[in-house]
Amino acid sequence: MVNTVVKKVYVLDGGELELDASVMVSLNRPGERIRIPVQYFLVETTRGFVLVDTGNDPDVIDDAEGTWGIPLAQAATPIMEKRNHPLEQIKLVGLDASDIKMVVYTHLHHDHCGGARFFPDALHVVQKAEYRWVFAPDRFTTFPYVKTDYNHPNFNWNLAEGDWCILPGVHLISTPGHTPGHQSIALWDVPDIGSVILTGDAVNCCENIATDTPGGITSDATSAVMSMHRLTALANVMDASMLVSHDMGSFAPLPKAPEPLTRLSDEAKAFYKRGIETVYQGISDPGNLI
Ligand SMILES: [Zn+2]
């Protein structure tokens, strides 16, 4: 058992994006528009409340093209209402911005840090590799970054370098590939629900793992696959559930704030086992290696 500060986890509903299916699974069903959830998380700890990601900039509710620019708004069209605003989501649990002590970002794409500006007094945690990258990215990776989301030089940024335990029971897991500084967040031994890995976009949907195929947007596709393998192996060793970022089938049945997560379905717990079989071909148990 891990000594953890985590008391509860809430799933926050940031609305949806409509985009090409091949963005979720590389080269899969190109030309087919699908809707995906934008979710983020509120973690209640004995040290205060922590947000993991902040969803879209709610300005897109009234003017997506003006907020994101026409190409991004048309490629990833937001379907968002006022209730999906991060301040409205935390209000469901009786909180306001001043209650949020820390915001941890999986990465700085538009659908993960668009609400950052509503938490100016929090500690903002992101991988150093990601923070550096967004100010001088390779051109082909610029599309999902919106500078107004993260360009807050007066924020109290804490730049993590690789794996890091930020609180007892809360570990940052370096999972580059979707972006250079992508990270996932492991919550060990959460009361009632056990260990949970919030994958971020290291795993968009269960199909990425089942077919051992990364999403269509990567800075380094091979690293993205290795990061998926790392997470599945870690989940297997730690008997952890994985909450993937943009899978409607996984997201829909989860209780949403103000209800905390109280249990995860067997499917949510076991889906990655298929990935283990695909990748490790039956030798996920080290006892079977020789
Ligand atoms: Zn995303």
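Start with the whole chain in view: of the contacts in the protein with a separation of 6 or more, 68% are between residues 24 or more positions apart. Here two residues are in contact if their C-beta atoms, placed from the backbone, lie within 7 Å. What you have open is a predicted model, where local features need pLDDT of at least 70, side-chain atom pairs count only at pLDDT 80 or more, and totals for chains, interfaces and linings use all residues. Residue numbers run from 1 along each chain as its sequence is written.

Stay zoomed out for a moment. The C-alpha trace spans about 60 × 45 × 35 Å along its principal axes. A compact globule with 290 residues would have a radius of gyration near 19 Å, and the protein agrees with that at 18 Å. That radius is taken over C-alpha atoms, and the globule rule is 2.2 Å times the number of residues to the power 0.38. Switch on the cartoon and you get eleven helices and twelve strands; these are DSSP runs numbered from the N terminus, with helices (H or I) of at least four residues and strands (E) of at least two.

Now colour by burial. A residue is buried if 20 or more other C-beta atoms lie within 10 Å of its own, exposed if 12 or fewer, and partly exposed in between, with C-beta atoms placed from the backbone. Buried residues make up 47% of the 290.

**First stop: strand E1**

Select residues 6-20. This is strand E1, mostly covered, with eleven of its 15 residues buried. Two strands count as a pair if DSSP finds at least two bridges between them. E1 pairs with E2 in the antiparallel sense over twelve bridges; click Val-9 and look for its bridge partner in E2, Val-43. E1 also pairs with E4, again antiparallel, over three bridges. There, Glu-16 has Ile-79 of E4 as its bridge partner.

**Next: helix H2**

Select 60-68 and show side chains. Val-60, Ala-64, Thr-67 and Trp-68 are the buried residues of H2. Look down the axis of H2: these residues fall within an arc of 105 degrees, so they line one face of the helix. The arc is that of the directions from the helix axis to the C-beta atoms. Spin to the other side and you meet Asp-62, Asp-63 and Gly-66, which are exposed. What do the buried residues of H2 pack against? Bring up helix H3 (70-75), strand E4 (77-79) and helix H5 (110-113) to see the partners. Right after H2 comes Gly-69, with a positive phi near 90 degrees.

**Then helix H6**

Move to 128-135, where Glu-130, Trp-133 and Val-134 are buried. Down the axis of H6, the buried residues fall within an arc of 95 degrees, so they line one face of this helix. Their cover includes strand E6 (123-127) and helix H7 (147-150).

**Last: some backbone oddities**

Most residues other than glycine have a negative phi, and most peptide bonds are trans. Select Leu-27, not a glycine, and you find a positive phi of about 65 degrees. Leu-27 sits in the loop between helix H1 (21-24) and strand E2 (33-45). Is Leu-27 buried or exposed? Leu-27 counts as exposed, because it has 9 C-beta neighbours inside 10 Å.

Jump to Asp-189, in strand E10 (residues 183-190). Its phi is positive too, about 50 degrees, and Asp-189 is partly exposed, with 16 other C-beta atoms within 10 Å.

Finish at Ala-257 and Pro-258, joined by a cis peptide bond with omega about 15 degrees. Pro-258 lies in the loop between helix H10 (248-251) and helix H11 (266-280).
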